[in-house]
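Biologist: I should like to request a close look at a single part of this structure.

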Amino acid sequence: MHEPAPIVETRDLRKVFRTVRRRPGALGALRTLFSRDYEERIAVSNVTMSVDAGELVGYIGQNGAGKSTTIKMLTGILVPSGGEIRVAGIVPYENRKQNARNIGVVFGQRSQLYWDLPLVESFELLRAIYAIPRERYQRNVDEFTDLLEMREFLNTPVRQLSLGQRMRGDFAAAMLHDPAIVYLDEPTIGLDVVAKEAIRAFITRVNTERGTTVILTTHDLADVERLCRRIVLIDHGSIIYDGDVERIKSEYGRFRTLVVTFAAAVESPALPGAELAGVQGTTARFRFDRNGERADRLIRIASERYPLEDVSIEEPDLESIIRRIYREGYEQRTEEATR
Amino acid sequence: MPAAYAQYWRINLLTMLEYRANFAMWFVFTVVYHAVALGALYVTMRQFPSMNGWTFREMFFLYALWMSGHELHNAVFFQIVSVPEFVREGQFDRFLVRPLDALFQILIVPQQLLPDGLVLAIVTLCVAVPFAGLKVTPLVVLFIALIVCGGALIDLGISLAVATVSFWFVRVDTLRWAVMSLEQDFTRYPISIYARGVRVVLAFVLPFAFMNYFPATFLLQKQETGLGLNPIVGLLTPAIGLAWFGVSYAFWGAGLRRYQGTGS
C-alpha cells in the first residue's frame with residue numbers, strides 16, 4: 001500500500017484575458033480599427049488546489065466562472081498568466097506533448113470522433129496517434145465495448161449515432177491510451193436519463209478499478225451527487241469551497257423547508273420557530289433550522305392555527321444548496337465562521 | 001508518426017470507397033478544371049505563334065510544372081485550409097491535448113481525398129516534357145522532381161501563412177481567395193507579359209514564378225526577359241520553397257503561442 005500522492009497541483013493559478021474594447025455602432029467599429037484600448041478580464045485568480053491520484057473531483061461553477069479556463073490550463077491548451085501547475089510532475093504548458101500522454105479529455109459538446117468514419121476507425125487512428133501497443137489497445141477496446149455496450153454500433157459511421165452512443169464512443173476514445181488523469185468537461189450534457197446513468201457507471205468503474213483520477217466539470221449536480229466525494233466550487237474565477245460533498249450538505253443544508261397548503265387563503269401566515277420563505281396562492285413555505293426545530297412540532301402548530309389541506313417537507317438538495325451559496329456565499333461563510 | 005500517417009491514408013482510401021460518387025465527381029472536376037485551363041491556353045495561342053518568345057508547347061510545360069507542384073501540395077497539405085474552421089469552431093483545442101505536433105495532426109485529419117490530382121499532374125508532366133522538346137535524362141528527371149517538391153513547399157508556405165492569420169482574425173476566406181486567384185491567374189503565362197510591379201511580386205513576395213517560370217526558363221534554355229535574371233535562378237526553387245516554409249512555420253509558431261495565450 002502506498003499513500004495517495006497529489007497528481008494535480010496548482011498554486012495561485014491565474015489567467016487574465018486581454019481583449020480589445022469594442023465601441024458600439026459602425027463609427028465605433030471604425031474607431032476600434034485605429035485606436036485599440038484593451039480591457040482585462042480576470043478569468044481565473046489564485047486557484048490553489050491539489051488532487052490526489054485516484055480521486056474523483058467535481059469542479060463546479062456557473063457559466064463564465066472560470067471552469068473551462070482552469071481545465072484548459074491543466075490540459076496545456078492555455079498558458080497561465082501567473083502561478084504554478086504540475087500535473088503528474090509535468091508543467092503542462094511547457095511540456096504539452098508529454099503531458100498529453102498522461103491525460104484523457106472529454107469535451108461533452110465537441111466530439112473527437114471522425115464524423116464520416118465507423119467508430120472503430122477513429123479508435124484505430126487514435127491508436128496510431130498515441131502509439132498504443134496493439135495488445136493493450138485491443139484489450140481496452142474489448143473492455144470498453146463491453147462496459148459501454150458499443151458492440152452493435154462499433155462499425156457504424158459516427159454521424160449516424162445517437163448522442164448517447166456518440167458520447168460513449170467519446171469516452172472510450174479518451175481512455176484508449178490508459179491516461180492517469182481524465183478531464184471530463186460537461187460529459188452528460190444533453191443526454192437522456194438512461195445514457196447519463198451508463199456514463200456515470202462507466203466513470204465510477206474507471207475511477208475505482210483503474211484508479212484513474214477524474215476531474216469533472218458539470219452543470220448537472222446529480223452527476224456530482226452520484227459520483228464525487230469532493231467538490232471544488234469556483235465563482236468569479238476564485239475557489240469558494242473545496243471539500244466533501246457531505247460536509248457542504250450538512251453545513252449549508254441545515255435548513256429544511258416546510259411546505260403548507262391551506263384549505264383557504266391565509267393572510268400573512270406565521271409559525272414560531274420558522275421563517276416564512278414565500279407564499280404562492282394558498283401555499284406557504286417556511287424555512288427552519290434542522291438543529292433547532294422539529295418538523296412535527298411545526299406541523300402541529302400549523303394545524304392548530306390554520307385549516308390545512310396538505311403538508312410536506314423539502315430536504316435541501318445539492319443544487320439548491322449551491323444555488324444559495326452563489327447567491328449569498330459570503331453571508332453563509334460568516335455564519336460558518338461564527339459557529 | 002509514420003504509423004499515424006499510414007492510418008490516415010488507409011482511412012482516406014476507405015472513406016473514398018464508401019463515398020465513391022463523391023470521389024468520382026471530385027475527380028471529374030479536377031480533370032475538367034485543368035482541361036479548361038489548358039484549352040483556354042490553346043485557344044489563346046492559336047492567335048499568336050508565340051507569346052514573348054514562348055510557344056504553346058513550352059507554355060504547356062509551364063502549366064504542367066505548376067500543376068505538379070500545386071497538386072503535390074494539395075495531396076499532402078490540403079487539410080491546412082481547415083485550420084480557420086477548426087479555430088472558429090473550437091476543435092483546435094483537441095490537437096493540443098494529444099501527444100503529437102498540432103500541425104501534423106491537422107494534416108492527418110481524414111478528408112476523403114486521394115492524390116488523384118497528383119496522379120493527373122504527373123501524367124500531364126510526362127506528356128509535357130517530350131512535347132516541349134526536352135530530352136529525358138536522369139538529370140532532367142531529378143531536376144524536375146526537385147522543382148515540383150520546391151513548388152509544393154512554396155504553396156505550403158503560402159497556405160500555412162494564410163491559415164495562421166486566422167489565429168488573429170477569425171475569417172480569412174477573402175485572403176485565401178485572393179491569394180488563390182493570384183496563383184491561378186499568374187502562373188499560366190511567362191511573367192514577362194506582366195507589368196514590372198507584378199513581376200517583382202511574383203518573384204520575391206509571393207514567389208509563384210519559382211514554381212514554374214524560372215525553372216522552365218532554365219530547362220528550356222530560354223532568355224529570362226521578365227526581370228533580366230540569369231536563368232540559373234531556376235535552380236533555386238527548392239531553396240526558396242524551404243525558406244518560405246521556414247518563415248511560415250515560424251509565423252505558425254507565433255500564432256500558436258497567441259492561441260495558447262488567448263484561447264480564441
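How many C-beta neighbours lie inside 10 Å of Asp178(A), and how does Asp178(A) count in terms of exposure?

Modeller: This is a predicted model, in which local features need pLDDT of at least 70 and side-chain atom pairs count only at pLDDT 80 or more, while totals for chains, interfaces and linings use all residues. Residues are numbered from 1 along each chain as its sequence is written, and chains are lettered from A and ligands numbered from 1 in the order in which they are written.

Asp178(A) has 16 C-beta neighbours inside 10 Å and therefore counts as partly exposed. By definition, a residue is buried if 20 or more other C-beta atoms lie within 10 Å of its own, exposed if 12 or fewer, and partly exposed in between, with C-beta atoms placed from the backbone. Asp178(A) belongs to the loop of chain A between α6 (163-175) and β6 (181-185); helices (H or I, at least four residues) and strands (E, at least two) are DSSP runs, numbered from the N terminus.

The backbone of Asp178(A) also deserves attention: its phi is positive, near 55 degrees, and the residue is not a glycine. Most residues other than glycine have a negative phi.

Asn46(A) may be set beside it. Asn46(A), likewise not a glycine, has a positive phi of about 55 degrees. Asn46(A) lies in strand β2 (residues 38-52) of chain A. With 15 other C-beta atoms within 10 Å, Asn46(A) is partly exposed.
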